[in-house]
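This briefing introduces the main features of the model displayed below. The points are grouped by topic for a reader new to protein structure.

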Amino acid sequence: MAENYVSTTNACKMCTPMGAALVFKGIENAVPFLHGSQGCATYMRRYIISHYREPVDIASSALGEKSAVYGGGPNLKKGILNVMRKYDVSLVGVATTCLTETIGDDVGRYLNEFREEFSDLSLPELVHVSTPSYSGTHMEGWHAAVRSLADQVVKEKGRAHDGVNLLPGFLSPADYRFLKALGERAGVRFTMLPDLSETMDGVIWDDYHSLPDGGTPVSEIRAMGGAAGTVEFGMSGGLFESAAGVLDRKFGVPARRTTMPIGLRATDAFMDVLAEFASCDMPAKDAFDRGRLLDAMVDGHKYIFGKRAVVYGEEDFVVALCSFLGEIGVQPVLVATGAKSDRFKAAVTNALAEVCQTMPVIRDDADFKDIEDEAAELNPDLLVGHSKGYKLARAKNIPLIRVGFPIHDRFGGQRILHVGYEGALALYDRLVNAVLEKSQDECPVGYGYL
Amino acid sequence: MSQTILDERKSQVHRIGEEPFAMACNRPSLAGAVSQRACVFCGSRVVLYPIADALHLVHGPIGCATYTWDIRGAISSGPQLHRLSFSTDLQEMDVIFGGEKKLEASLRELISLHSPKAAFVYSTCIVGLIGDDMEAVCRRVAADTGIPVLPVMSEGFKGNKREGYTAACKAMFRLVGTGDATGISPMSVNILGDFNLAGETWIVREYFRKMGVEVVANVTGDGRVDDIRRCHGAALNLVQCSGATMELAKMMQAEYGTPYQRVSYLGVEDMADSLYKVADFFADQDPTIKARTVELVRAELSDLMPKLAELRQDLEGKKVAMYVGGSFKAFSLIKAFRHLGMRVVVVGSQTGTEEDYKELAEISDPGTIIVDDANPLELAQFIKEKDVDVFVGGVKERPIAYKLGVGFCDHNHERKIALEGFVGMYNFAREIHASVMSPVWRFMPRRSPARAACAAKEAVNG
């Protein structure tokens with residue numbers, strides 16, 4: 001058991017407003033707006049850009065000392081007006097920061113005043129979410145923002161339709177693209193919230209766009225109250241009431257919750273949920289992919305059986321990764337998340353119960369110092385997580401299979417596919433090859449056949 | 001209703017020759033304008049970050065530490081402590097009841113774990129609001145642990161990056177003069193405002209070694225606490241990146257009478273001039289230093305210039321836009337680009353002063369756009385308006401250039417290639433060449449609209 005430190009060293013989490021900003025980046029023609037000092041927006045932009053390599057405009061109310069004393073209302077309003085002048089914006093997503101939460105700015109009231117003051121203008125949808133950075137991680141901010149969108153933009157049940165709301169959590173643009181295409185194949189019309197598939201992995205431009213194409217259209221969000229159901233991946237950061245819960249309570253949209261579909265069993269479970277809404281059986285492509293995945297799992301099983309993995313990152317993502325690693329015979333020995341979570345241990349245990357004989361060390365509220373300390377005696381063969389684990393991988397001289405966010409030291413992180421049978425197969429190939437590459441590199445004769 | 005340059009921003013943009021020079025600057029960033037600037041904390045963090053044997057503890061919620069973990073390309077020849085990210089990771093209860101206890105416990109714990117030579121404690125927005133007495137905590141811990149524990153008053157909202165530089169200089173100044181300065185050569189300098197990105201400070205130090213000049217302290221690239229403590233013993237302060245460290249030089253001049261000179265290690269002339277300035281300064285003490293320096297520069301240039309000439313053949317006439325943090329870099333780069341036959345047509349900075357911009361206007365060609373505290377949409381418009389071939393900036397500017405199919409050179413503090421010194425000038429030229437000469441630009445829709453239109457039509461027709 002590692003020591004319990006007061007300080008945090010090399011955090012395995014980001015701050016709450018970051019998650020909210022990312023969610024708003026996945027809404028069509030939306031501008032995320034951080035109500036706080038200028039640095040928050042700039043730091044997050046830089047952090048996000050280094051992963052996605054896309055323009056990431058995040059506005060800020062750029063509060064100074066005066067605002068900290070007298071309140072940030074005037075700057076917030078002026079800032080929204082300026083965003084409206086510069087961008088053809090359909091939604092402004094205002095997330096608070098530690099600064100404005102601490103001075104007690106009532107953003108909801110400011111926005112109402114703004115709507116009244118400028119009622120002569122055609123106003124974008126104004127959504128606000130409370131994201132004090134001293135409370136939770138970027139994922140709490142993410143789930144709170146999705147919930148705010150469901151709560152504030154969906155104003156009425158509206159016309160009932162056969163579409164399905166999909167709340168996928170934080171995945172890669174490749175994942176969002178995959179999920180959209182899967183919906184099309186299966187004959188299910190998804191409203192996916194958010195949708196970063198194009199906004200954060202777009203095409204080259206012939207002229208500069210003030211905002212990228214893509215994202216969930218605001219009109220579709222408004223219609224979520226009339227959907228046939230809501231499918232939500234993961235545990236929504238333990239929110240008392242998640243976005244799916246809001247839609248259920250207010251508009252009677254039935255909510256289905258399932259693990260992020262990473263690996264065989266989690267994808268099976270998702271496909272089962274999908275089948276409840278779909279008119280047909282599993283699409284042929286997915287049936288083939290499933291077969292190919294099983295075929296590969298047999299072909300490669302011996303290379304990776306019993307390999308000891310350290311897995312870290314966001315709780316929903318890590319739970320799903322564990323489910324996958326367990327079922328292919330990799331033994332997670334340490335599973336960690338930066339979030340404080342009383343659900344995490346049970347969720348990981350549950351994901352591994354059927355397929356692993358021994359349970360890993362499971363840590364919530366962990367930083368990389370904790371992970372390093374815990375891993376010291378565990379002799380891991382692999383790390384699975386985002387790029388901030390590189391330091392540990394290097395110290396241990398073991399491969400790091402890069403997944404999730406952020407990936408700041410490799411190219412193409414936005415195009416890593418994790419979900420579906422296809423995503424599982426891609427991850428499987430990378431895992432096996434990482435093991436083979438290491439044994440080949442370390443082999444004194446360097447065999448050419450493996 | 002979209003408008004690229006907001007009315008309130010117009011006075012921060014100047015087009016040379018189209019109007020008499022007048023520029024507003026050093027203003028707070030405009031709300032909602034998506035400034036490329038960061039905050040006070042950022043200014044302090046970037047300046048102090050490279051001090052490799054110090055503990056850098058960020059007192060605040062986690063974000064400020066997460067986003068600055070191992071962020072700079074500032075390398076150390078020894079300790080690597082600066083590359084770890086330490087935070088008090090304040091939680092709701094700390095905000096309500098105050099964070100002093102957690103700060104004190106964190107400091108004691110981290111100092112005992114890592115045995116640093118000093119600790120810098122960075123204040124963030126929240127600390128400024130909840131009123132933690134950082135000074136008192138630091139004093140207590142310093143008394144018990146026997147190392148300097150220095151508060152850096154860098155609350156994010158209390159200005160922009162420049163105020164952060166000031167806070168960093170004030171913190172460092174508390175170290176200066178606390179070390180033993182005996183045995184320092186009368187021909188000695190401190191290197192201020194260089195951050196040893198990709199080992200750049202080492203290149204410059206090697207030149208000084210050849211000239212016979214001792215370097216007492218690097219402030220702060222590959223910096224060490226003990227060097228800074230005794231750097232008041234140096235005969236001269238050399239100040240690059242003036243925004244960041246000029247204040248320290250001024251404080252040292254006032255307190256210790258140490259003179260300073262502004263230098264730049266970027267480009268051909270500025271690099272050579274900087275060495276000559278040092279040689280002139282010490283000429284009385286060592287009459288041969290001038291000759292040694294001339295010889296050094298001659299040897300470097302005879303190696304460099306033919307290589308530059310070769311690259312220039314490809315680069316002649318290409319147009320450049322640049323957006324940098326401080327304007328010192330802009331001056332040097334404008335000159336450096338002239339060696340490559342390239343023209344700078346847009347130049348801007350986050351935190352330039354009116355004098356900086358005036359000087360830039362004087363050395364730039366007519367028609368050049370000068371901009372203070374720009375934002376993505378403005379920069380994109382300038383790139384298009386001037387039809388530039390390559391953009392020089394940092395990570396946040398990169399996608400602006402790339403989305404328009406324009407080349408890019410990272411000249412910010414994350415860079416991993418040394419761009420200073422004569423060898424750096426060659427690396428810089430190769431960087432520019434590698435971007436400008438790539439065959440990919442010819443395929444970009446902006447350059448081949450017919451193809452793009454065709455592709456769009458196909459897409460529509462399915």
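## A residue in a helix of chain B

B:A272 has 18 other C-beta atoms within 10 Å and is therefore partly exposed, since a buried residue needs 20 or more and an exposed one has 12 or fewer. The model is predicted. B:A272 belongs to helix α11 of chain B, which covers residues 268–281. The C-alpha atom of B:A272 is separated by 6.4 Å from that of B:V297, although these positions lie 25 residues apart in the count along the chain.

**Helix packing around α11 of chain B**

- The axis of α11(B) and that of helix α13 (residues 328–339) of chain B come within 7 Å and cross at roughly 120°.
- The two helices α11(B) and α13(B) are therefore oblique to each other.
- On the α11(B) side, the residues that meet α13(B) are B:V268, B:E269 and B:D270.
- On the α13(B) side, their counterparts are B:S332, B:K335, B:A336 and B:H339.

**Chain B as a whole**

- Chain B contains 18 helices and 14 strands.
- The radius of gyration of chain B is 23 Å, which agrees with the value near 23 Å for a compact globule because that value is the one expected with 462 residues.
- Along the principal axes, the C-alpha atoms of chain B fill a box of roughly 75 × 65 × 40 Å.
- Of the 462 residues in chain B, 58% count as buried.
- Among the contacts in chain B between residues at least 6 apart in sequence, 73% join residues at least 24 apart.

**Strand β12 of chain B and its partners**

- Strands of a sheet pair through backbone hydrogen bonds, and the pairing is either parallel or antiparallel.
- Strand β12 (residues 369–372) of chain B runs antiparallel to strand β1 (residues 13–15) of chain B, and 3 bridges join them.
- Strand β11 (residues 343–349) of chain B runs parallel to β12(B), and 4 bridges join this pair.
- B:V371 in β12(B) is the bridge partner of B:V13, and B:V371 is also the bridge partner of B:G348.
- B:I369 and B:V371 point one way from β12(B), whereas B:I370 and B:D372 point the other way.
- These four residues of β12(B), namely B:I369, B:I370, B:V371 and B:D372, are all buried.
- A right-handed β-α-β unit is made by β11(B), helix α14 (residues 354–363) of chain B and β12(B).

**An open sheet in chain B**

- An open sheet of 4 strands in chain B has the order β7-β6-β8-β9, with parallel pairing.
- The edge strands are β7 and β9 (260–262) of chain B, each of which pairs on one side only.
- Neighbouring strands of this sheet are turned by 20° against each other on average, with direction ignored.
- Within the sheet, strand β6 (residues 188–194) of chain B and strand β8 (residues 236–239) of chain B run parallel and are joined by 4 bridges.
- The bridge partner of B:I191 in β8(B) is B:L238.

**Backbone exceptions**

- Most residues other than glycine have a negative phi, and most peptide bonds are trans.
- The peptide bond from A:F405 to A:P406 is cis, with omega near 0°.
- A:P406 lies in the loop between β14 (400–402) and α17 (420–442) of chain A.
- The peptide bond from B:V219 to B:T220 is also cis, with omega near 15°, and B:T220 is found in strand β7 (residues 214–220) of chain B.
- A:N379 is not glycine, yet its phi is positive, near 45°.
- This residue, A:N379, sits in the loop between α15 (368–375) and β13 (382–385) of chain A, and A:N379 counts as exposed because it has 10 C-beta neighbours inside 10 Å.
- B:D387, likewise a residue other than glycine, has a positive phi near 50°.
- The loop between α15 (376–386) and β13 (390–393) of chain B holds B:D387, which counts as exposed because it has 11 C-beta neighbours inside 10 Å.

**Contact between the chains**

- The contact takes 59 residues from chain A and 63 residues from chain B.
- On the side of chain A that touches chain B, two or more residues each come from β1 (8–9), α2 (38–52), α3 (65–70), α4 (73–86) and α5 (98–102) of chain A.
- The largest share of that side of chain A, 11 residues, comes from α2(A).

Technical notes: Residues are numbered from 1 along each chain as its sequence is written. Chains are lettered from A and ligands numbered from 1 in the order in which they are written. This is a predicted model: local features need pLDDT of at least 70, side-chain atom pairs count only at pLDDT 80 or more; totals for chains, interfaces and linings use all residues. The radius of gyration is taken over C-alpha atoms; the globule rule is 2.2 Å times the number of residues to the power 0.38. Two residues are in contact if their C-beta atoms, placed from the backbone, lie within 7 Å. Two strands pair if DSSP finds at least two bridges between them. A crossover is right-handed if, with the strands pointing away from the viewer, the path from the first strand over the helix to the second runs clockwise. Axes are lines fitted to C-alpha atoms, for helices over the stretch in contact, and angles run from 0 to 180 degrees between N-to-C directions. Angles under 35 degrees count as roughly parallel, over 145 as roughly antiparallel, 65 to 115 as roughly perpendicular and the rest as oblique.
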